[in-house]
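Reader: I am new to reading protein structures. Could you walk me through this one, starting with the whole chain and then going to single residues?

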Amino acid sequence: MPAPNQDIAEMFRRLIRETGPISLAQYMGESNARYYTSRDPLGASGDFITAPEISQMFGELIGLWLADMWAQMDGPAKVHYVELGPGRGTLASDALRTAARFGLDPQVHFVEGSVNLRAIQSGTMPGVVHHDDLATLPEDAPILLVANEFFDALPIRQLVRTAAGWRERMVGLDGETFVFASGDKPMDDAVPDNLRGADEGTIIEACPAAATVMGEIASRFASQGGAGLVLDYGSTSLQVGSSLQAVRAHKQVDVFSTPGEIDLTAHVDFATLGNVAEKHAARVIGVTPQGRWLKILGIDARLEALQKASPENAAKLKRQRDRLVEPDQMGKLFKVMGLSGGGWPNSGGGFG
């Protein structure tokens with residue numbers, strides 16, 4: 001990762017001038033590493049807002065799902081709660097407060113690289129154990145894992161169909177301006193057979209980093225037991241076209257505008273994640289739109305209870321519910337994937 005005081009845009013320009021275009025994965029990975037370690041990006045004063053910050057109902061229903069999976073295993077005394085990219089710790093706080101009503105009281109582990117966010121998380125969840133990656137997580141008990149809007153920030157590769165065949169989409173320079181460029185190495189063997197003859201200009205995406213992380217998660221489920229949820233925006237089958245986007249101050253901006261100062265994300269390929277999980281002996285319980293999942297778990301009943309307890313906030317609570325659930329907001333584009341392993345249930349609320 002670049003030094004904190006180093007201008008990452010100038011570093012990229014110098015590198016490109018010296019060695020030629022760089023991969024999109026390198027551009028996205030190093031940009032996001034700088035971005036996430038230098039700020040708290042969440043909330044009205046940040047760049048974006050995630051579901052746990054929209055409403056407590058989101059985390060509460062996740063906690064209910066985890067508690068149900070745990071209870072189906074007769075409530076093992078020792079269990080670890082693991083969250084990847086936990087933001088401010090809001091989701092964990094809401095989920096585990098709900099889970100505690102059913103007797104679930106796990107040790108809390110956050111996989112978080114940002115020093116700034118670690119400090120905030122420690123205030124939200126006293127006693128949390130932080131990890132740089134999954135490698136240092138304990139192996140002595142089942143895990144209950146949540147990854148909300150984690151996979152979308154992992155660096156992607158893009159392949160583009162050119163007149164000469166498939167090539168990797170790279171980042172180059174036109175003067176001082178970053179532009180997309182095509183690599184010089186043939187990449188046809190990396191393209192599914194049904195897409196090799198696609199029209200010139202067609203783009204497909206892959207995320208090797210996501211596959212690696214999912215492999216680690218699935219292997220732990222298989223060996224330790226446990227269950228988990230991946231919640232993110234994306235599709236259930238391979239899509240064509242670029243989904244790369246950048247956000248700053250709650251608005252979409254050019255992906256090359258200010259590297260290291262913008263949030264770069266791409267849609268998650270849930271089909272590939274599921275295939276990787278199963279290859280590592282975990283089970284995919286299901287994948288379903290977020291809105292459907294939340295409604296099956298009872299978000300409308302929870303909304304009614306909150307409105308009854310706080311009638312002056314009834315309209316605000318309804319708006320929060322709608323943002324999470326309605327198809328034209330987060331309800332359709334965002335998906336929920338359930339996973340389990342090591343003899344844990346192959347079914348759970350909200351799927352099927």
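Author: Happy to! Keep in mind that this is a predicted model. A good place to begin is the surface: the protein chain exposes about 15,200 Å², and the share of it supplied by carbon and sulfur atoms is 51%.

Reader: What radius of gyration does the protein chain have, and what would a compact globule have?

Author: The chain has 352 residues, and a compact globule of that length would have a radius of gyration near 20 Å. The C-alpha atoms fill a box of roughly 60 × 40 × 40 Å along the principal axes. The value for the protein chain agrees with the globule rule, as it is 21 Å.

Reader: How many helices and strands does the protein chain have?

Author: Both kinds of element are present here. Counting along the protein chain gives 16 strands, and the helices come to twelve.

Reader: What percentage of the contacts in the protein chain join residues at least 24 apart?

Author: Let us first look at burial: 52% of the 352 residues are buried. For the contacts, we take those between residues at least 6 apart in sequence. Of these, the part that joins residues at least 24 apart is 75%.

Reader: How far apart are the mean positions of the positive and negative charges?

Author: The protein chain carries 32 positive and 43 negative charges. Taking the mean position of each set, the separation is 4 Å.

Reader: Which residue in the turn between S7 and S8 has a positive phi?

Author: Strand S7 covers residues 165-174 and strand S8 residues 177-186; they run antiparallel, joined by seven bridges. Across this pair, arginine 169 stands opposite serine 182 in S8. The two strands form a hairpin with two residues between them, and the turn residue with a positive phi, about 70°, is glycine 175.

Reader: Which elements cover the buried residues of H5?

Author: Helix H5 spans residues 90-100, and its buried residues are Leu91, Ala92, Asp94, Ala95, Leu96, Thr98 and Ala99. Their cover includes both helices and strands: H3, H4, S2, S3 and S5.

Reader: Is isoleucine 156 buried or exposed?

Author: Isoleucine 156 sits in the loop between S5 and S6. Leaving out residues up to four places away in sequence, its contacts are Leu24, Ala25, Met28, Glu205, Ala206, Cys207, Leu244 and Ala266. The cut-off for burial is under 20% relative accessible area. Isoleucine 156 has 3%, so it is buried.

Reader: And what is the distance between the C-alpha atoms of isoleucine 156 and tryptophan 344?

Author: These two residues are 188 residues apart along the chain. In space, their C-alpha atoms are separated by 32 Å.

Reader: Is aspartate 74 buried or exposed?

Author: Aspartate 74 belongs to the loop between H4 and S2. It is not a glycine, although its phi is positive, about 65°. Exposed means over 50% relative accessible area. Aspartate 74 has 73%, so it counts as exposed.

Reader: Where does alanine 281 lie?

Author: Alanine 281 is a residue other than glycine with a positive phi, near 70°. As for its place, H8 covers 270-279 and S15 covers 283-289, and alanine 281 lies in the loop between H8 and S15.

Reader: Which residues does lysine 78 touch?

Author: Lysine 78 is in the loop between H4 and S2 and is partly exposed, with a relative accessible area of 46%. Its C-alpha is 8.6 Å from that of aspartate 140, with their positions 62 residues apart in sequence. Not counting residues up to four places away in sequence, lysine 78 touches Asp140, Ala141 and Pro142.

Conventions
Residues are numbered from 1 along each chain as its sequence is written. This is a predicted model: local features need pLDDT of at least 70, side-chain atom pairs count only at pLDDT 80 or more; totals for chains, interfaces and linings use all residues. Side-chain values use heavy atoms; hydrogens and water are left out. Helices (H or I, at least four residues) and strands (E, at least two) are DSSP runs, numbered from the N terminus. The radius of gyration is taken over C-alpha atoms; the globule rule is 2.2 Å times the number of residues to the power 0.38. Buried means under 20% relative accessible area, exposed over 50%, partly exposed in between (1.4 Å probe, protein chains only). Contact means heavy atoms within 4.5 Å. Accessible areas come from the Shrake-Rupley method with a 1.4 Å probe; for residues, only the protein chains shown count as cover. Lys and Arg count as positive and Asp and Glu as negative; His and the chain ends are not counted. The place of a charge is taken as NZ of Lys, CZ of Arg, CG of Asp or CD of Glu. Two strands pair if DSSP finds at least two bridges between them.
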